[in-house]
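User: I have a model open and would like to learn how to read it feature by feature. Could you walk me through it?

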Amino acid sequence: MYKIIKPFLFKYEPEQAHGKTLDALKFVQHYSQLLPLIKKMYHYDHPSLQQNLNNIEFRNPIGLAAGFDKSCEVPKALENAGFGAIELGGITPKPQHGNPKPRMFRLVEDQALINRMGFNNLGMNKALSNLRKYHYDIPVGLNVGVNKVTPYEERYQDYIKVMETFKHDVTFFTVNISSPNTENLQKFHDKSEFSQLCEAIQNFRQRTELSVPIFIKLTSDLKLEDLGRMLDHIVETFDGIILANTTQQRDGLSSDHRQESGGLSGKPLFERNLKMINYAYKYTKGQFLIIGTGGIFTSEDVIKMLRNGASLVQIYSSLVYEGPGLTKKLNKSLAQYLESNGYQNVSEIIGLDVE
Ligand SMILES: Cc1cc2nc3c(=O)[nH]c(=O)nc-3n(C[C@H](O)[C@H](O)[C@H](O)COP(=O)(O)O)c2cc1C
């Protein structure tokens, strides 16, 4: 069906097309009798795909990456679209418009996107009231960012404010220090800034006796030795790591929009992120939760990410090119792969390719 819809959607500028997709999902969510229909179309269940990680039940390892539903507007529709988990946001304390448009570009020949959205979202209070309209049967995570107007030294407190607000309403948090579209945000990867952030998060956990796991999402532009340095701190402070967000590299691209500034996602990200995942798995001796993201289009990609150390994966750009049927396709092929290779559960292949 997406083969028919895609040419129409691609006539629109990418952010407009995204707006139309959200409208369609809002419609489905509003007429709740449509939800079972969506579930039937996109859902695939198999016991071999289920895992319990950090005390969270994942019915399959294919999650929705952050940035698709920035303000928690369509979580109930997304819950029925076949994902094992959804990550909403990035959410900031105050509402903000983000960067001037256009700020999202399709790189069709490269099967990629460039975005410089800049944390456009309705702010934490509105997002929370959106989220609270429903109950959820799958893990719902929240990606957390900082406001552009927050003074530099106070920015780590934005993460705490958002987590404080959502602490009873989500299954996990992701502290996003990796968006390239908020000035200096990636400075949180630097040693002293990162220590300060970790300390604030540890204090927050103790003060609130927080039971919700907190993940950290790093940039794809991090050197492996810097990833190693950060991992020592990360394992003390966080419950998992998402590798990795978009890149500012533009090597080997052929599409028209390749020189637009912003974060590049999609196919060109895959090999870079795979290396980071492999490195992190080895560094932590397979003892720390890794979630893989970046350029996953096929079940072979999913299998590679898992075999290199990710326990779960997340997708975004491939949904733009392949449509919503992708979740079912990936889950079905993964279950077939497991069965035909004699594995009982997906957890058995995690890290198999790490030497
Ligand atoms: C339009 C757009 C907006 C995004 N917004 C966010 C965001 O708010 N927070 C975040 O952590 N990642 C964000 N991302 C990054 C994705 O979550 C994902 O990590 C990245 O796109 C790599 O996966 P992919 O190649 O499957 O798209 C965004 C990506 C796109 C394309």
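Analyst: Happy to! Let's begin with two packed helices. The crossing of helix 10 and helix 12 is right-handed. Keep in mind that this is a predicted model.

User: At what angle do helix 10 and helix 12 pack?

Analyst: Helix 10 (residues 299–307) and helix 12 (residues 326–340) make an angle of about 60 degrees, and their axes are 9 Å apart. Angles of 65 to 115 degrees would count as roughly perpendicular and those under 35 as roughly parallel, so these two helices are oblique to each other.

User: Which residues of helix 10 and helix 12 meet?

Analyst: A useful general idea comes before the list. With 3.6 residues a turn in an α-helix, residues three or four places apart point the same way. Here helix 10 brings Ser299, Val302, Ile303, Leu306 and Arg307, and these meet Leu330, Ser333, Leu334 and Tyr337 of helix 12.

User: Now the sheets, please. In what order do the eight strands of the barrel close?

Analyst: For a barrel, follow the pairing around from strand to strand. The order is 3-4-7-8-9-10-12-13, with parallel pairing. From one strand to the next, the twist averages 25 degrees. On the outside of that pattern, look for what packs on the sheet: helix 9 (residues 270–283) touches strand 10 and strand 12, and its direction makes about 175 degrees with that of strand 12.

User: How many bridges join strand 10 to its partners, strand 9 and strand 12?

Analyst: Strand 10 (residues 240–243) is joined to strand 12 (residues 289–293) by four bridges, and to strand 9 (residues 214–217) by three. Gly240 is a handy landmark: it stands opposite Leu289 in strand 12, while Phe215 stands opposite Gly240 from strand 9.

User: Are the faces of strand 10 covered or open?

Analyst: To judge this, check the residues on each side. Gly240 and Ile242 on one side are buried, as are Ile241 and Leu243 on the other, so both faces are covered. Just past that, the peptide bond joining Leu243 and Ala244 is cis, with omega about -10 degrees. Ala244 lies in the loop between strand 10 and strand 11.

User: Where is the other cis bond, the one from Gly89?

Analyst: That bond runs from Gly89 to Gly90, with omega near 10 degrees, and Gly90 lies in strand 4.

User: What is the strand order in the open sheet?

Analyst: An open sheet has edges, which are worth finding. The order is 5-6-11, and the pairing is antiparallel. Strand 5 (104–107) and strand 11 (263–266) are the edges, each pairing on one side only. Strand 5 is joined to strand 6 (residues 112–115) by four bridges, and Leu107 has Ala112 as its bridge partner.

User: Is Ser317 buried or exposed?

Analyst: Compare its accessibility with the cut-off: buried means under 20%. Ser317 has 6% relative accessibility, so it counts as buried. It is found in helix 11 (residues 317–322), and its side chain makes a polar contact of 2.7 Å with that of Ser265. Beyond its sequence neighbours, Ser317 touches Leu113, Ser265, Gly266 and Phe297.

User: What about Asn55: what is its phi?

Analyst: The phi of Asn55 is positive, about 65 degrees, although the residue is not a glycine. Asn55 lies in the loop between strand 1 (51–53) and strand 2 (56–58). With a relative accessible area of 75%, Asn55 is exposed.

Notes
Residues numbered from 1 in each chain as written. Predicted model: local features only at pLDDT ≥ 70, side-chain atom pairs only at ≥ 80, totals over all residues. Heavy atoms only, no water. Pairing = 2+ DSSP bridges. Axes fitted to C-alpha atoms, helices over the stretch in contact; angles between N-to-C directions. Contact = heavy atoms within 4.5 Å. Buried < 20%, exposed > 50% of the residue type's maximum accessible area, 1.4 Å probe, protein only. Polar contact = N/O pair within 3.5 Å; in protein donor to acceptor, adjacent residues only side chain to side chain. Parallel < 35°, antiparallel > 145°, perpendicular 65-115°, else oblique. Left-handed = near helix turned anticlockwise from the far one by under 90°.
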